[in-house]
Amino acid sequence: MTAIAAPHTGIYHAVLGWWQGHGLPVWIFDAIWMALMAAIVTAFILLTVLILVWLERKISGDIQSRVGPNRTGGRFGLLQTVADALKLLMKEDLIPRGADRLVFIIAPFLVFVPVLLVFMIIPFSDRWVVKDLNLGVLFVVAVSAFPVIGLFMAGWASNNKYAILGAMRAAAQTLSYEIPLVLAMVCVVVAAGSLRVGEIVAAQRGGHWFVLRFPLQIAFLLYFITAMAEVNRVPFDLPEAESELVAGYHVEYSGMRFALFFLAEFAHLFFVSAFCVTLFLGAWQGPWLSPVLWFLIKTYAVMLVIMWVRWTVPRLRIDQIMGFAWKLLIPVGLAAVLLTGMMNVL
Amino acid sequence: MRQTNLLADVASGAWSIAKGLAVTLANALRPRVTQDYPARPAHLYPRFRGRLVHKRGEDGRPRCTACLACQKACPTLALPTIAGDEKKGRERRAVQYVWEASRCLFCGLCVEACPFEAIALGQQYSMVGESRQQVRFALEELLERPQGGAA
Amino acid sequence: MPALQANSMTAALTPTEQVILNMGPQHPSTHGVLRLELTLEGEVIVGCQPVIGYLHRGIEKIAENRTYPQFLPYTDRLDYLSSASNNLAYVQAVEKLMGLEVPERAQYLRVILLELNRIASHLVFVATFANDLAATTVFLYGFREREPIEDLFELWTGARLTQSWIRIGGVAGDLPEGFEEKARQFCRLLPQRLEEYDRLLAGNRIFRVRTERIGILPPEVGIDYGCSGPTLRGSGVPFDLRRAEPYEVYGRLDFAIATEPTCDCMGRYRVRMEEMRQSVRIIEQCLDLMPQGEVLAKLPRAIRPPEGEAYGRVESPRGEFGCYVVSDGSAQPVRVRLRAPSFYNLAALPRMVQGWKIGDVVAVLGSIDIVLGEIDR
């Protein structure tokens with residue numbers, strides 16, 4: 001069992017020493033340590049999600065000439081999301097008659113857990129990464145495929161025509177947009193020469209962010225667009241299109257189960273932005289300020305742009321979404337990979 | 001899609017989205033239009049058609065003579081019970097006047113029908129009750145204050 | 001052309017079932033309590049049956065038990081987004097029966113009220129149409145722009161939505177102090193905002209692929225179904241009652257009829273945007289040209305139109321709104337029949353939606369701009 005990539009090496013080894021001093025086995029310590037790390041990261045993600053929901057409501061308010069939440073928790077409604085979460089927790093847990101109970105219950109977890117899992121390889125700063133896998137990017141691609149199964153399970157188990165329609169659209173959309181997403185990531189991998197996130201970040205040392213390197217701008221744009229599709233955000237939010245399917249695949253979910261979907265979506269948004277920053281915008285690197293701060297600033301900047309787009313643009317129809325992916329994005333992605341390869345050789 | 005103008009097509013599509021983004025950004029920088037109700041009271045114009053008000057004459061008594069012109073003008077039977085004292089004509093005074101706010105359309109036909117300008121639709125808009133009884137108002141409740149303010 | 005034809009060969013090999021999907025009375029995008037029974041093959045619509053009546057309130061029957069002035073506030077509540085048009089159609093019919101002459105100033109005031117209502121109604125159209133297509137921001141912009149109009153209404157009539165201000169013989173009251181300035185200010189503001197909407201919607205590639213060439217209504221079909229208003233003018237038919245049979249002072253005013261030849265959702269959207277601009281022109285002209293004078297004709301004590309029948313028709317924001325009144329000489333009408341434009345526009349919906357996808361139903365329904373209040377009465 002390899003040790004966790006050593007941020008707080010000091011603390012880790014100090015406590016490990018104490019632990020071993022008492023004759024206790026190392027593997028138990030490692031297990032506890034990893035659980036603790038996981039809990040910290042999870043807590044951080046959930047906190048970010050709470051902030052994100054608040055931010056989305058405030059930003060949408062600004063764009064729409066109105067004030068967002070301004071009552072719960074002071075003038076800026078800071079506790080609004082907490083109130084919403086509490087409300088959802090207190091709701092009746094409805095499982096529709098005729099629904100496949102087991103599948104219905106498992107589905108939200110299958111959507112939520114992979115999103116948490118995939119944060120493993122994101123470097124929050126120069127010393128804080130849970131585990132910098134050798135196959136970091138591949139890991140992301142693989143685990144990102146899981147939520148689709150969860151979505152589909154949710155739609156099918158709900159025993160509801162609207163939900164099924166939403167689930168099928170979600171599955172079709174997510175699978176179709178995986179390909180250009182992977183192609184965009186491949187461009188970065190080719191440019192950095194490694195699947196390891198640590199090395200991708202290192203290749204962007206000294207302000208040479210990948211987004212500034214031709215032809216990675218194409219990859220950046222491609223990643224940005226497909227990321228929005230992966231997270232089911234407008235203009236790609238057909239699976240949950242409120243005005244057409246009354247919330248699509250999670251229409252039958254209420255209370256905490258619905259909250260899980262909701263949190264999963266925002267956590268996924270956070271991940272996708274963080275990964276974008278890692279791949280293209282130099283991750284935590286930047287002058288003067290502390291790395292963590294840079295990471296947060298850049299990630300929030302990307303998320304702000306995604307929100308900005310969401311509140312500006314209308315929604316595409318499902319066949320248009322598919323056409324866009326297959327007929328435009330994939331050829332562009334392939335061309336980008338080719339170009340990146342050529343530029344690398346030159 | 002024709003290959004020849006594909007690039008132009010994509011570029012124009014992207015540019016159109018960029019223009020839209022500029023509009024939303026411009027709006028985000030403008031002041032908000034939200035009114036902070038109920039922290040601040042709603043702003044109403046003088047002709048606002050709210051709660052029914054009975055006006056007083058110079059002697060301080062309500063002007064209403066129970067002539068029933070308003071009752072006949074009302075489309076929805078919102079003025080079901082109006083009764084006056086035994087006098088006739090202009091000397092008569094109303095002793096009972098019931099206004100069913102739950103039926104009222106606030107159309108103002110009653111106000112226009114009144115030959116004595118005895119009633120008006122005032123500025124109060126909040127008439128909340130938990131039963132029909134609670135939104136049924138009598139003459140005394142509708143009377144404006146002695147100095148001529150709204151009820 | 002419908003986007004997808006069910007392939008007969010594959011249908012023979014893979015048995016598929018037609019699914020009946022109910023876009024029920026409670027739905028974020030049916031603009032009221034409308035029920036659509038959609039028959040689907042996959043995502044393609046092969047049948048659409050509108051079911052109405054959820055908002056039926058018996059208004060025509062109520063009319064038989066009210067006096068003529070008493071019925072007026074009921075007409076507001078039909079097409080509640082533009083209540084003045086409903087008022088006017090009814091009042092026109094009664095005035096025809098009675099042979100009443102409306103003072104000139106009152107006519108100008110009526111036109112101002114009508115056109116402000118038209119702008120307000122079209123703003124709701126833009127807002128809800130954009131919202132159905134997920135451009136939520138425009139929804140809020142549309143309602144933000146309505147606030148000055150509703151302020152004008154409140155300043156003048158005391159009510160923001162159902163003004164009941166057009167009366168038999170004229171209007172209920174003249175303009176107050178400060179109205180003209182506020183109105184002109186609004187007329188200056190609106191075109192800029194419409195420009196912004198165009199940049200967010202008509203100029204936006206995504207909006208265009210959702211609305212162009214979708215929901216085609218051929219002009220002959222539209223005429224056959226009795227469609228009117230922007231729904232028909234979006235198919236290239238230049239029929240507008242304000243020009244075809246001018247009423248009030250429309251005959252003296254200079255404005256253009258907006259038509260688009262494309263017959264699709266985008267065409268109907270463009271027609272309404274242009275109509276808003278034209279309404280601004282009309283309002284400014286009225287404010288310029290309006291003479292002094294009475295605002296209400298001299299009326300008899302009790303309104304008892306002589307025996308007869310009359311039909312009043314008005315170009316409401318949705319089309320030809322008509323009111324047919326039958327009188328027997330008494331104080332209450334014998335029969336009031338209301339011709340709601342949305343009813344006929346809605347009837348064309350199944351034709352417009354056939355062969356398209358579920359997502360398009362929402363776009364097409366939004367582009368027809370129906371109000372259930374007048375459909376169900």
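So, which residues does I321(A) touch, not counting residues up to four places away in sequence? Q173(A), F236(A), L238(A) and L316(A). Before I go on: this is a predicted model, so please hear everything with that in mind.

Let me stay with I321(A) for a moment. You'll find I321(A) in helix α13 of chain A, which runs over residues 318-345. Is I321(A) buried or exposed? Buried, because 22 other C-beta atoms lie within 10 Å, and the cut-off for buried is 20 or more. And if you look along to L338(A), that residue is 17 places from I321(A) in sequence, with 24 Å between the two C-alpha atoms.

OK, on to the cores. The largest nonpolar core has 206 residues. The residues with the most contacts inside this core are C187(A), V188(A), Y223(A), C276(A) and F280(A), plus V364(C) from chain C. Helix α7 of chain A, residues 161-192, gives the largest share, 18 residues. Let's zoom in on F280(A): leaving out residues up to four places away in sequence, F280(A) touches V188(A), W209(A), F210(A), V211(A), L216(A), F220(A) and Y223(A). There's also a second, separate core of 22 residues, and C70(B), Y97(B), C107(B) and L109(B) are among them.

Now chain C, and I'd like to begin with α15(C). How many of the residues of α15(C) are buried? 11 of 11, so to speak: the helix is mostly covered. The buried residues there include V364(C), the chain C name we just met among those with the most contacts in the largest core. Right after α15(C) comes D369(C), with a positive phi, near 60 degrees.

What does α15(C) pack on? One partner is α5(C), residues 104-132: α15(C), residues 358-368, packs with α5(C) at about 180 degrees, and the axes are 9 Å apart. The two helices are therefore roughly antiparallel. From α5(C) you have T128(C), F129(C) and D132(C), meeting V362(C), A363(C), G366(C) and S367(C) from α15(C). By class, that's three nonpolar, three polar and one charged.

α5(C) also packs with α12(C), residues 265-289, at an angle of about 155 degrees, and those axes are 9 Å apart. Again, that makes α5(C) and α12(C) roughly antiparallel, since the angle is over 145. The crossing of this pair is left-handed. On the α5(C) side, the residues in the contact include Y108(C), I112(C), L116(C), H122(C) and F129(C), and on the α12(C) side they include Y269(C), M276(C), I283(C) and L289(C). The breakdown for this contact is 13 nonpolar, two polar and four charged. F129(C), by the way, is in the α15(C) contact and in this one.

Last topic, the chain contacts. Chain C puts 27 residues against 22 residues of chain A. Which elements of chain C each supply at least two residues of that side? β1 (19-23), α5, α6 (136-157), α8 (205-211) and α15. That side of chain C has 15 nonpolar, seven polar and five charged residues.

For chains A and B, each chain gives 11 residues to the contact. On chain A, α2 (26-63) and α12 (291-310) each supply at least two of them. The chain A side divides into six nonpolar, two polar and three charged.

That's my tour; happy to scroll back to any of it.

Key. Residues are numbered from 1 along each chain as its sequence is written. Chains are lettered from A and ligands numbered from 1 in the order in which they are written. This is a predicted model: local features need pLDDT of at least 70, side-chain atom pairs count only at pLDDT 80 or more; totals for chains, interfaces and linings use all residues. Axes are lines fitted to C-alpha atoms, for helices over the stretch in contact, and angles run from 0 to 180 degrees between N-to-C directions. Helices (H or I, at least four residues) and strands (E, at least two) are DSSP runs, numbered from the N terminus. Angles under 35 degrees count as roughly parallel, over 145 as roughly antiparallel, 65 to 115 as roughly perpendicular and the rest as oblique. Two residues are in contact if their C-beta atoms, placed from the backbone, lie within 7 Å. Ala, Val, Leu, Ile, Met, Phe, Trp, Tyr, Cys and Pro count as nonpolar, Asp, Glu, Lys and Arg as charged, and the others, Gly among them, as polar. A nonpolar core is a set of buried Ala, Val, Leu, Ile, Met, Phe, Trp, Tyr and Cys residues joined through C-beta atoms within 7 Å. A residue is buried if 20 or more other C-beta atoms lie within 10 Å of its own, exposed if 12 or fewer, and partly exposed in between; C-beta atoms are placed from the backbone. A crossing is left-handed if the near helix is turned anticlockwise from the far one by less than a right angle, and right-handed if clockwise.
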